[in-house]
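Let's take a walk through this structure together, starting from a single side chain and working outwards. Have the model open beside you as you read.

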Amino acid sequence: MAFESLSDNISNSGKKTQEFVETTAEYYKLRLFKSSMKFATSLISMLVLGSVAVLLLSFVSFGIAMYLSRIIGYPSAGFFTVGGFYLLVFLFVYFYGKKMIVKAVLERFSELVMDEDDLSPSDVAEAMGKPNRIEDTL
């Protein structure tokens, strides 16, 4: 009789452990899906906004270059002036702004991946009424 009880407990703990592993795997699949969708939507929105910003900057730059060319009197002078300005901006960002850009990007995407409202696997198992430790199955 004691052997049957021990056998039942071992069989039951194996089933409970398997249920826990399956529940944990499903939780991580859902969390990965949620994080990847947040990343994809954020990336797409940044690409769209970036494209619109580049178009806007291009038209404004072209207009400023044309205006400066008319003021200076040489057709290409305004374009070289605007190009020189962008070269200075590029060099400034390259030498001084690289760390700030990397930090901002890492912070933004780490916020997307790490949510404070996410539950731990043991919380999920507990909410589903499943044991969250192997000792609970014995």
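Tyr-86 is partly exposed in this predicted model, because its relative accessible area of 31% falls between the 20% and 50% cut-offs. Its ring forms an aromatic pair with Phe-85. The two centres are 5.6 Å apart and the planes meet at 55°, so the pair counts as tilted.

Tyr-86 also leads us to Ser-61, which touches both Val-82 and Tyr-86 when residues up to four places away in sequence are set aside. Ser-61 sits in helix 1, which spans residues 2–72. With a relative accessible area of 11%, Ser-61 is buried, because the value is under 20%.

Now turn to the other rings. There are six aromatic pairs in total. One of them joins Tyr-27 and Tyr-28 edge-to-face, with 5.2 Å from centre to centre and 65° between the planes. These two partners differ in their cover: Tyr-27 is buried at 12% relative accessible area, while Tyr-28 is partly exposed at 43%. Elsewhere, ring pairs tie Phe-90, Tyr-94 and Phe-95 into a cluster.

Stepping back, the chain is built from three helices and has zero strands, giving the order α-α-α from the N terminus. Of its 138 residues, 14% count as buried. The chain exposes about 11200 Å², and carbon and sulfur atoms supply 71% of that area. As for contacts with a separation of 6 or more, 63% come from residues 24 or more positions apart.

How values were computed: Residues numbered from 1 in each chain as written. Predicted model: local features only at pLDDT ≥ 70, side-chain atom pairs only at ≥ 80, totals over all residues. Heavy atoms only, no water. Helix = DSSP H or I, 4+ residues; strand = E, 2+ residues; numbered from the N terminus. Buried < 20%, exposed > 50% of the residue type's maximum accessible area, 1.4 Å probe, protein only. Contact = heavy atoms within 4.5 Å. Areas by Shrake-Rupley, 256 points an atom, 1.4 Å probe, with all protein chains shown as cover. Phe/Tyr/Trp six-rings, centres within 6.5 Å; stacked < 30°, edge-to-face > 60°.
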